[in-house]
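The following report describes the fold, the cores and selected residues of the structure shown here.

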Amino acid sequence: PSPEGEGLDRPHVVAIDYGSKHNIFRNLVKAGAKVTVLPATATAEQVLSFNPDGIFLSNGPGDPAATGEYAVPVIRELLATKKPLFGICLGHQLLALAVGAQTTKMFQGHRGANHPVKRLSDGAVEITSMNHGFAVESATLPAGVVETHVSLFDGSNCGIEIDGGRAFSVQYHPEASPGPQDSFYLFERFVGMLA
């Protein structure tokens, strides 16, 4: 896999691709990283062989518990390295499963643009794009995992962070920019942690 945004001075992100959209990798590059993309089945050893400054867990289709059968043990190993980690959508759900939370199939999934999400740290509302039929159950988040974002439509979980924010994830798609750049700060925050 050839890195995008190649440059000697850029922090290096290894992205695990669970079925992502190319625009996510473009946003990581735009925020200042160089990105190496590995397949969903990559082992922790393979990810760490690139000596990444940070690790990205992509979006993708399907039931997170099914993907989690092979992804969760890898994510747990990667979390143990204490390297910064950022996940989106399925990556968010897999991170939650890796720390011991649960996901459930939603009665009504969230699809399309203009989904209002409240950022709990300051009450700001981000207008987001969503495409998911499963959600992280807030009540199952273990100690040390903080809920950071919630849907204003139904109160479902839309973000978590671990270890004071060293690892964090969101349920929505900040790369889709429907509102129009409400959530690009997440890419900047992640890449800023790698410097």
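A residue is called buried if its relative accessible area is under 20%, exposed if over 50%, and partly exposed in between (1.4 Å probe, protein chains only). Helices (H or I, at least four residues) and strands (E, at least two) are DSSP runs, numbered from the N terminus. This is a predicted model, in which local features need pLDDT of at least 70 and side-chain atom pairs count only at pLDDT 80 or more, while totals for chains, interfaces and linings use all residues. Residues are numbered from 1 along each chain as its sequence is written, and side-chain values use heavy atoms, with hydrogens and water left out.

**The sheet**

Nine strands form an open sheet with mixed pairing, in the order 2-1-3-4-9-8-7-5-6. Two strands are taken to pair if DSSP finds at least two bridges between them. Strand 2 and strand 6 occupy the edges, each with a single partner strand, so one side of each has no neighbour in the sheet. From one strand to the next, the twist averages 25°; axes here are lines fitted to C-alpha atoms, for helices over the stretch in contact, and angles run from 0 to 180 degrees between N-to-C directions.

At one edge, strand 1 (residues 12-17) pairs with strand 2 (residues 34-39) in the parallel sense over six bridges, and Ala15 has Val37 of strand 2 as its bridge partner. Strand 3 (54-57) runs parallel to strand 4 (residues 85-88), to which three bridges join it. Ile55 stands opposite Leu85 of strand 4.

At the other edge, strand 5 (residues 103-119) and strand 6 pair in the antiparallel sense over ten bridges. Arg111 has Asn131 of strand 6 as its bridge partner. The hairpin of these two strands has five residues between them, and Gly123 in it takes a positive phi near 80°. Although strand 6 (residues 125-136) is an edge strand, nine of its twelve residues are buried, so the rest of the structure largely encloses this strand.

**Helix 1 and helix 4**

Strand 1, helix 1 (residues 22-30) and strand 2 make a right-handed β-α-β unit; right-handed means that, with the strands pointing away from the viewer, the path from the first strand over the helix to the second runs clockwise. Helix 1 packs on the sheet, where it touches strand 1, strand 2, strand 3 and strand 4, and its direction makes about 150° with that of strand 2. Its buried residues are Ile24, Phe25, Asn27, Leu28 and Val29. Their cover includes those four strands and also helix 5 (185-194).

In helix 4 (90-98), nine of nine residues are buried. They include His92 and Gln93.

**Nonpolar cores**

A nonpolar core is a set of buried Ala, Val, Leu, Ile, Met, Phe, Trp, Tyr and Cys residues joined through side-chain atoms within 4.5 Å. The largest has 30 residues, of which Tyr18, Val47, Leu57, Ile75, Leu78, Leu85 and Leu95 touch the most other members. At least two residues of this core come from each of strand 1, helix 2 (44-48), strand 3, helix 3 (64-80), helix 4 and strand 8 (157-162). Another core, of 25 residues, lies apart from it and has Ile24, Phe25, Leu186 and Val191 among its members.

Leaving aside neighbours within four places in sequence, Leu78 is in contact (heavy atoms within 4.5 Å) with Ile16, Ala44, Val47, Leu48, Ile55, Lys83 and Leu85.

**Selected residues**

Arg166 lies in the loop between strand 8 and strand 9 (167-170). Arg166 counts as buried because its relative accessibility is 14%. Its side chain makes a polar contact with the side chain of Asp163 (2.7 Å). Such a contact is a pair of N or O atoms within 3.5 Å; within protein, one must be able to donate a hydrogen and the other to accept it, and residues adjacent in sequence count only if both atoms are side-chain atoms. Not counting residues up to four places away in sequence, Arg166 touches Leu79, Lys82, Lys83, Pro84, Leu85 and Met193.

Several residues take a positive phi, as listed below.

| Residue | Place | Phi |
|---|---|---|
| Gly32 | after helix 1 | near 115° |
| Gly100 | just after helix 4 | about 105° |
| Asn51 | loop between helix 2 and strand 3 | about 50° |
| Cys89 | loop between strand 4 and helix 4 | about 55° |

Asn51 is not a glycine and, at 58% relative accessibility, counts as exposed. Cys89 is likewise not a glycine, but Cys89 is buried, with a relative accessible area of 4%.
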